[in-house]
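Open the model in your viewer and follow the selections below in order. Each stop gives something to select and what is found there.

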Amino acid sequence: MAKTERVGVYPGTFDPTTNGHMDIIKRGARVLDRLVIGVAVNAGKGPLFSLDERVEMVRDEIAAIDDGRVGVIEVKPFDSLLMQFAETENADCILRGLRAVSDFDYEFQMAGMNARLNPEIEILFLMASETNQFIASRLVKEIAALGGDITSFVSPTVAQRVNESFRRLAPQAVNE
Ligand code: ADP
């Protein structure tokens with residue numbers, strides 16, 4: 001019987017999960033039958049949060065979605081090649097978010113390489129929403145590290161986790 005279920009994998013480091021990620025997740029879940037959020041180990045990026053913490057953070061954010069599509073979303077860690085992970089999940093597509101200009105070069109190259117690895121799995125891009133265009137996990141961390149307010153970029157729960165984690169990293173600096 002032909003496969004009718006449309007499955008997508010949305011990979012990322014999610015260090016931390018931002019409003020930009022959540023927007024792509026919600027929009028992706030609207031057009032797919034199953035959306036697997038792949039949380040990459042990505043040790044090379046020196047993440048602030050451990051893999052387990054990042055998986056838990058994405059899961060908590062998803063549990064808070066109230067648009068009736070939560071049931072189609074799953075969160076899984078992965079440390080293999082993205083295409084291998086997508087194949088294991090029986091995915092039809094890999095979902096990526098695209099912010100103006102900054103993401104294009106990297107995503108264009110990755111899409112080309114991944115298409116060579118498995119041309120059966122399409123790479124789909126959703127444009128970042130107007131309000132989330134400038135949000136990046138890296139900048140959220142930079143702002144939080146210097147004591148800035150990150151609450152317009154991430155959920156209150158994530159903001160608390162990020163601030164807490166910087167407090168743990170530099171308790172003496174905060175007490176000064
Ligand atoms: P990666 O390690 O792949 O860069 P990220 O967690 O930074 O992982 O991003 C995962 C995906 O989410 C990427 O496709 C990225 O372009 C997208 N993304 C990140 N921030 C935003 C945002 N503000 N709006 C839309 N897409 C975003």
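Select residues 93-98, strand S4 of this predicted model. Cys93, Leu95 and Gly97 point one way from S4, while Ile94, Arg96 and Leu98 point the other way. In a regular strand, side chains alternate between the two faces of the sheet. Are these S4 residues buried or exposed? On both sides they are buried. Because six of the six residues of S4 are buried, the strand is largely enclosed by the rest of the structure.

Next, add strand S1, residues 7-12. S1 runs parallel to S4 and is joined to it by two bridges. Pick glycine 8 to find its bridge partner in S4, cysteine 93.

Now add strand S5, residues 122-127. Six bridges pair S5 with S4, again in the parallel sense. Glycine 97 is placed opposite leucine 126 of S5. To trace the connection, select helix H4, residues 104-117: the chain passes from S4 through H4 to S5, a β-α-β crossover that is right-handed.

Then turn to the largest nonpolar core, which has 19 residues. Select Tyr10, Ile25, Leu35, Ile37, Ile62 and Ile73, the residues with the most contacts inside this core. At least two core residues come from each of helix H1 (19-31), strand S2 (34-40), helix H2 (51-63), strand S3 (73-78) and S4. H1 gives the most, with four residues.

Centre on isoleucine 25. Leaving aside residues up to four places away in sequence, isoleucine 25 touches Tyr10, Leu35, Ile37, Ile62, Ile65 and Ile73. Apart from this core lies another, of 14 residues; select Val7, Phe78, Ala111 and Ile121, which are among them.

Note on methods:
Residues numbered from 1 in each chain as written. Predicted model: local features only at pLDDT ≥ 70, side-chain atom pairs only at ≥ 80, totals over all residues. Heavy atoms only, no water. Buried < 20%, exposed > 50% of the residue type's maximum accessible area, 1.4 Å probe, protein only. Pairing = 2+ DSSP bridges. Right-handed = clockwise from strand over helix to strand, strands pointing away. Core = buried A, V, L, I, M, F, W, Y, C linked by side-chain atoms within 4.5 Å. Contact = heavy atoms within 4.5 Å.
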